[in-house]
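Hi,

Here is the structure I promised to pass on. Have a look at it first, and my notes follow underneath.

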Amino acid sequence: MDSLPVLAVDPISIAIGIGIGLLLSFLLVPKPKPVIIPVNPSIEKENPKVGLRCTVKDIEDLIEASPKGKVSYCRCWRSEKFPYCDGAHRDYNAECKDNTGPLTIVKQE
Ligand code: FES
């Protein structure tokens, strides 16, 4: 009666095999896609693009008319007075742990 063959176990080969297996699983397993949330939740959603265009004179006139000598444009897309900042970014930042704020243009001294 023949005896069963004895398999030699080479620990280095086993380690290399496990390493290659881990590397392949890392490379081949699909990564979850990041959740993409629209920046603009509600402003002019019927339009394919919301863009603003104004002249430097327009901005200068706004600053001149402002009692504080500045104009602030919303960058969080949550303002009820869009395109101007109404402070809604504070609630948004607190809720979403974000750090957005307006673009504020001031009169040069
Ligand atoms: S309300 Fe949007 S930046 Fe202030």
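**Asn-93 and helix 3**

Leaving aside neighbours within four places in sequence, Asn-93 is in contact with Asp-98, Asn-99 and Thr-100, where contact means heavy atoms within 4.5 Å. Before I go on, two housekeeping points. This is a predicted model, so local features need pLDDT of at least 70 and side-chain atom pairs count only at pLDDT 80 or more, while totals for chains, interfaces and linings use all residues. Residues are numbered from 1 along each chain as its sequence is written, and side-chain values use heavy atoms, with hydrogens and water left out.

Back to Asn-93, which is found in helix 3. Helices here are DSSP runs of H or I with at least four residues, strands are runs of E with at least two, and both are numbered from the N terminus. Is Asn-93 buried or exposed? Asn-93 is buried, because its relative accessible area is 14%; the cut-offs are under 20% for buried, over 50% for exposed and partly exposed in between, using a 1.4 Å probe and protein chains only. Val-56 is 37 residues from Asn-93 in sequence, and their C-alpha atoms are 30 Å apart in space.

Asn-93 has company: His-89, Tyr-92 and Asn-93 are buried in helix 3. They sit on the same side of helix 3 because they cover an arc of only 100 degrees around the axis, the arc being that of the directions from the helix axis to the C-beta atoms. An α-helix has 3.6 residues a turn, so residues three or four places apart point the same way. On the face of helix 3 turned away from the buried side you'll find the exposed residues Arg-90, Asp-91, Ala-94 and Glu-95.

Right after helix 3 comes Lys-97, with a positive phi near 55 degrees. Lys-97 belongs to the loop between helix 3 and strand 2, and it counts as exposed because its relative accessible area is 75%.

**The core and the loop before helix 3**

Which residues make up the largest nonpolar core? They are Ile-43, Cys-74, Cys-76, Trp-77, Phe-82 and Tyr-92, 6 residues in all. A nonpolar core here is a set of buried Ala, Val, Leu, Ile, Met, Phe, Trp, Tyr and Cys residues joined through side-chain atoms within 4.5 Å. Cys-74 touches Ser-79, Phe-82, Pro-83, Tyr-84 and Cys-85, not counting residues up to four places away in sequence.

Trp-77 lies in the loop between strand 1 and helix 3, and its phi is positive, near 65 degrees, in a residue other than glycine. Pro-83 is found in the loop between strand 1 and helix 3, and the peptide bond from Phe-82 to Pro-83 is cis, with omega near 20 degrees.

**Strand 2 and helix 2**

Thr-104, in strand 2, is partly exposed because its relative accessible area is 36%. Not counting residues up to four places away in sequence, Thr-104 touches Lys-70, Val-71 and Ser-72. Thr-104 and Cys-74 are 30 residues apart along the chain, with 8.8 Å between their C-alpha atoms.

Glu-60 lies in helix 2 and counts as partly exposed, at 43% relative accessibility. Ser-13 is 47 residues from Glu-60 in sequence and 74 Å away in space, C-alpha to C-alpha.

**The two pockets**

A pocket was found on a 1 Å grid over the protein atoms alone, as an open set of points where a 1.4 Å probe fits, with protein on both sides within 12 Å along at least five of seven lines; lining residues have an atom within 4 Å of a point. The largest has a volume of about 280 Å³, volume being the space filled by probe spheres set on the points. Its lining has 16 residues, with Ser-66, Lys-70, Val-71, Ser-72 and Cys-85 nearest the centre. Strand 1 (70-73) and helix 3 (88-96) each give two or more residues to that lining, and strand 1 gives the most, 3 residues.

The second largest pocket holds about 200 Å³ of space. Of its 16 lining residues, Leu-52, Arg-53, Cys-54, Tyr-73 and Pro-83 lie nearest the centre. Helix 2 provides the largest share of this lining, 3 residues.

Cheers
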